[in-house]
Amino acid sequence: MKKSMESKLKVSIITPFHNVPREMFENSFNSVINQTYGLENLEYIIVIHNCSDDYREMVLTMT
C-alpha cells in the first residue's frame, strides 16, 4: 500500500459494555486511547448497557 493511502485509513472500534466492573471498563478504554495508531485515525464507539449512570459521566470526563 502506498504511504499516502495508509495515512488516510481509519479504524472503527466498537466496544459494548454490559454490567461490567468499573476496572474492566477503565482498562479497556485506556487500552484503546493508548494505541500507537493515532487517535486521529480512530473512531471509538462505546456502547453502555445496564451499567450504573456514573459510567456515562466517566466516559465524558475521559474524552
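## Core, surface patch and selected residues

At 35% relative accessibility, Leu9 counts as partly exposed, a class that falls between buried (under 20% relative accessible area) and exposed (over 50%), using a 1.4 Å probe and protein chains only. The model is predicted, so that local features need pLDDT of at least 70 and side-chain atom pairs count only at pLDDT 80 or more, while totals for chains, interfaces and linings use all residues. Residues are numbered from 1 along each chain as its sequence is written, and side-chain values use heavy atoms, with hydrogens and water left out.

Leu9 lies in the loop between helix 1 (3-6) and strand 1 (11-18), where helices (H or I, at least four residues) and strands (E, at least two) are DSSP runs numbered from the N terminus. Two other residues can be set beside Leu9 in a table.

| Residue | Relative accessibility and class |
|---|---|
| Leu9 | 35%, partly exposed |
| Glu26 | 27%, partly exposed |
| Asn41 | 11%, buried |

Asn41 is found in the loop between helix 2 (22-33) and strand 2 (42-49), and a polar atom of the Asn41 side chain lies 3.2 Å from the backbone oxygen of Tyr37.

The largest nonpolar core, a set of buried residues of the kinds Ala, Val, Leu, Ile, Met, Phe, Trp, Tyr and Cys joined through side-chain atoms within 4.5 Å, has seven residues: Phe17, Val20, Phe25, Cys51, Tyr55, Met58 and Val59. Helix 3 (residues 54-62) gives the largest share of this core, three residues.

Glu26, in helix 2, stands 33 residues from Val59 in sequence, yet their C-alpha atoms are 9.1 Å apart in space.

Technical notes: A polar contact is a pair of N or O atoms within 3.5 Å; within protein, one must be able to donate a hydrogen and the other to accept it, and residues adjacent in sequence count only if both atoms are side-chain atoms.
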